[in-house]
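Biologist: I'd like to learn how to read a fold piece by piece. Could you walk me through one?

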Amino acid sequence: MDETKELLKKKELRVTQIRCQVLEAFQENEHALSPQDLQALLGGLDRVSLYRTLQVLLDKGLVHKALEKNTQTYYALCDSDCSDHAHSHQHVHFTCESCEKVYCLEQASIQVDTKGYQVHTWNLNASGLCVNCR
Ligand SMILES: [Zn+2]
Ligand SMILES: [Zn+2]
Ligand SMILES: [Zn+2]
């Protein structure tokens, strides 16, 4: 709880119950979460508030979009060096073909020489079997 409050304060965001709940859910799960997952985990969340909360966290560099799949968007926590409106992720987003969970593979970062092209968004996707399903 304290950790989520610190995160929000660092980003100059007001500490609200829903923001803390959503951040905690991300911290407790190693895989990415869709709004549907969050509603199932947290129960009784107002859909509009949830979407608004995710948008704020996204804008402030606390969560990033891991994957968009079948009209669902999966979000994951950012590492500490994301700033407002600038996400700098170069890790692979892995979808498990068996349990269908989406993981951020932070360790599997990929160095690409973009030859002068300025990249704003990285979209590195992989699929296969996760460590639990292998
Ligand atoms: Zn980020
Ligand atoms: Zn799996
Ligand atoms: Zn990620």
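Modeller: We'll go through a helix, the core, a sheet and a few single residues. Keep in mind that this is a predicted model.

Biologist: Let's start with a helix. How many residues does H2 have, and how far does it reach?

Modeller: Helix H2 covers residues 17–28, so to speak a run of 12 residues, and spans 16 Å from first C-alpha to last. That is close to the 16 Å expected at 1.5 Å a residue.

Biologist: Which residues of H2 are buried?

Modeller: Start with the general idea. An α-helix has 3.6 residues a turn, so residues three or four places apart point the same way. Now the case here: Arg19, Val22, Leu23 and Phe26 are the buried residues of H2. Looking down the axis of H2, you find them within an arc of 95°, so they line one face of the helix.

Biologist: And what does the face turned away from that buried side carry?

Modeller: Exposed residues, namely Gln17 and Glu28.

Biologist: What covers the buried residues of H2?

Modeller: The cover includes three helices, H1 (2–10), H3 (35–42) and H4 (47–59). Strands S1 (63–69) and S2 (72–77) are also part of the cover.

Biologist: On to the core. Which residues touch the most other members?

Modeller: The largest nonpolar core has 24 residues, and those touching the most other members are Phe26, Ala32, Val63, Ala66, Tyr74, Tyr75 and Ala76. Two or more residues come from each of H1, H2, H4, S1, S2 and S4. S2 gives the most, with 4 residues. Phe26 links back to our helix, as one of the buried residues of H2.

Biologist: Take Ala76. Which residues is Ala76 in contact with, leaving aside neighbours within four places in sequence?

Modeller: Phe26, Ala32, Val63, His64, Ala66 and Cys104. Hold on to Cys104, which comes back in the sheet: His93 stands opposite Cys104 in S4.

Biologist: Then how do I read that sheet? What is the order of its strands?

Modeller: Read across the strands rather than along the chain. The order is S4-S3-S5, in an open sheet of 3 strands with mixed pairing. Strands S4 (102–105) and S5 (125–128) are the edges, each pairing on one side only. From one strand to the next, the twist averages 30°. S3 (residues 92–96) and S4 run antiparallel and are joined by 4 bridges.

Biologist: What about backbone angles? Where is Asn70 found, and is Asn70 buried or exposed?

Modeller: For a residue with an unusual-looking angle, check the place and the surroundings too. Asn70 has a positive phi of about 45° although it is not a glycine. Asn70 sits in the loop between S1 and S2, and is exposed, with 6 other C-beta atoms within 10 Å.

Biologist: And what is phi of Glu100 near?

Modeller: Near 65°, a positive value in a residue other than glycine. Glu100 lies in the loop between S3 and S4. Glu100 is partly exposed, with 13 other C-beta atoms within 10 Å.

Biologist: One last residue: where is the place of Pro35?

Modeller: Pro35 is in helix H3. Pro35 counts as partly exposed, with 18 C-beta neighbours inside 10 Å. Leaving aside neighbours within four places in sequence, Pro35 is in contact with Leu50, Tyr51 and Leu54. Pro35 and Lys69 are 34 residues apart in sequence, and their C-alpha atoms are 12 Å apart in space.

Note on methods
Residues are numbered from 1 along each chain as its sequence is written. Chains are lettered from A and ligands numbered from 1 in the order in which they are written. This is a predicted model: local features need pLDDT of at least 70, side-chain atom pairs count only at pLDDT 80 or more; totals for chains, interfaces and linings use all residues. Two strands pair if DSSP finds at least two bridges between them. Axes are lines fitted to C-alpha atoms, for helices over the stretch in contact, and angles run from 0 to 180 degrees between N-to-C directions. The expected span of a helix is 1.5 Å times one less than its number of residues. A residue is buried if 20 or more other C-beta atoms lie within 10 Å of its own, exposed if 12 or fewer, and partly exposed in between; C-beta atoms are placed from the backbone. The arc is that of the directions from the helix axis to the C-beta atoms. Two residues are in contact if their C-beta atoms, placed from the backbone, lie within 7 Å. A nonpolar core is a set of buried Ala, Val, Leu, Ile, Met, Phe, Trp, Tyr and Cys residues joined through C-beta atoms within 7 Å.
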